[in-house]
Every structure is written in structure tokens, then in C-alpha cells.
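I opened this one to see what sits inside and how one helix packs. Here are my notes, in the order I looked things up.

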Amino acid sequence: MKVTLELINQMQSQGVIGRYAIGGAVGATFYLEPAATFDVDIFVILPTTQSGPLLSLSPIYEFLTARGGRVEGEHITIGSWPVQFLPASDDLEKEALEQAVPTEVDGVRTWVMTAEHLVAIALRTGRPKDHARVLQFLETAAVDRKQLESILIRHGLLPQWERFQEKYLEK
Amino acid sequence: MDKQEWRKRMASLSFSQKIRILEKLRERSLAITASGLRKNRPKGR
């Protein structure tokens with residue numbers, strides 16, 4: 001992971017990407033016990049200098065393949081980790097990047113989404129494994145419930161939260 | 001040590017230590033897939 005993050009940081013310092021943060025299962029591992037995952041999700045802000053209405057991941061792929069990255073489907077493998085780059089596409093993801101927590105992996109600086117944003121995004125994604133992760137966050141009290149609810153209200157996710165509570169939390 | 005205590009202990013490790021565990025879990029999972037004991041590569045996210 002060290003090599004992976006070093007290259008991503010290099011890409012950031014050269015302006016290929018803006019702010020970024022680790023999300024998904026690897027992001028959740030920052031707060032929870034480690035759980036097996038195949039890849040790492042990197043949410044990114046792409047520079048606004050790109051022309052046209054569609055944001056492209058091409059600059060990222062060009063930068064990384066020139067430095068040994070291998071494209072495999074929706075991933076690009078850097079070092080030993082397949083990475084999926086996910087451009088922040090709405091206000092929730094942009095806020096998650098703005099409020100991401102700085103940390104280090106083997107001395108390399110990086111950012112991880114807050115527990116509350118990881119839960120909000122997992123609730124919205126809504127697959128069984130996302131719900132399992134939300135339950136883990138709640139069971140281990142790894143989220144601030146007030147903070148979470150304010151995010152859910154702000155981003156219109158209360159219906160998903162209510163359905164989740166009905167299904168998993170109410171007896 | 002009971003399961004809850006074990007989970008707490010694992011959760012309290014540093015991010016670097018947890019990433020090393022993730023890497024080992026991933027290697028093991030890929031090895032199982034390569035051996036043919038599992039048909040599909042584990043999915044991410």
C-alpha cells in the first residue's frame with residue numbers, strides 16, 4: 001500500500017488529481033477490525049481545467065501506466081493493490097473529501113473519509129455488504145450518531161436510514 | 001479472549017498494521033482462488 005499511496009500523492013502534487021480520500025472497505029478498516037477486500041476505492045476531485053462537461057479518468061491512467069500501473073477492467077493496479085478511482089460525483093462525496101481525516105500508512109500521508117461519511121455512502125449504495133458494514137460501525141459505536149444523522153438529513157438519506165433501522169435495528 | 005474483545009483489539013491497531021493484515025488476507029484469498037478452491041476472484045468495496 002505504501003507504493004500505491006506514494007504514487008497517488010505524487011499524482012496529487014503534480015495536479016493530476018485534487019483532493020482524494022480512501023473510502024469503501026479499506027477506509028472502513030481505519031475505524032473497524034480489518035475485513036478482507038480485493039481493492040481500494042479512492043474518491044477523487046478531478047481538476048476543473050479539463051475541458052468539456054464530462055470528467056475523464058484518462059490523465060490518471062496515463063500518469064499511472066507510465067509508472068508501471070496495469071489497467072485491469074475498472075481497476076488500475078499500483079504496486080500490489082488494484083485501485084478504483086471514483087470521481088466525487090455529488091455533494092455527499094465532495095463533503096466526504098473536504099472533511100476527510102489525515103493519517104499515515106507506513107509513514108506516507110493519506111486521507112480517509114470520516115466514519116459518518118463512510119456510513120452515509122454505504123447506506124446510499126445499499127448492497128447487503130454495505131449494510132453489514134453499517135451494522136459493524138453501529139455495533140462498535142464507531143460513529144457519532146448525531147453527526148451521522150445531520151449528514152443523512154443534509155443529503156436526503158433519511159428514507160434509506162429509516163428502512164435500514166426497520167430492517168436491522170428494530171426488534 | 002472472547003470474540004468481542006478480539007474485535008476491539010483488532011480495531012485498535014494502527015492503520016498501518018491493519019493494512020498489513022488486509023494485504024495478508026488478500027494474498028490468502030487470491031491464493032485460494034488460484035488453487036481452484038474458489039471459482040471467482042473476491043469482489044472489492
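I started with the largest nonpolar core (buried Ala, Val, Leu, Ile, Met, Phe, Trp, Tyr and Cys residues joined through side-chain atoms within 4.5 Å) and found 59 residues in it. Those with the most contacts inside it are Val26(A), Ile42(A), Ile60(A), Leu64(A), Phe85(A) and Phe137(A). Helix α5 of chain A, residues 115-125, gives the most to this core, with seven residues. I took helices as DSSP runs of H or I, at least four residues, and strands as E runs of at least two, numbered from the N terminus.

A note on the source: this is a predicted model, in which local features need pLDDT of at least 70 and side-chain atom pairs count only at 80 or more, while totals for chains, interfaces and linings use all residues. Residues are numbered from 1 along each chain as written, chains are lettered from A and ligands numbered from 1 in written order, and side-chain values use heavy atoms without hydrogens or water.

Next I looked at α2(B), residues 15-35. Its buried residues (under 20% relative accessible area; exposed is over 50%, partly exposed in between, with a 1.4 Å probe and protein chains only) include Phe15(B), Ile19(B), Leu22(B) and Arg26(B). They fall within an arc of 150° down the helix axis (directions from the axis to the C-beta atoms), so they line one face. On the other side, I found Lys24(B), Glu27(B) and Arg28(B) exposed. Gly36(B), with a positive phi near 90°, follows the helix.

Last, I checked chain A: eight helices and seven strands, with 51% of its 171 residues buried.

Note on methods. The expected span of a helix is 1.5 Å times one less than its number of residues.
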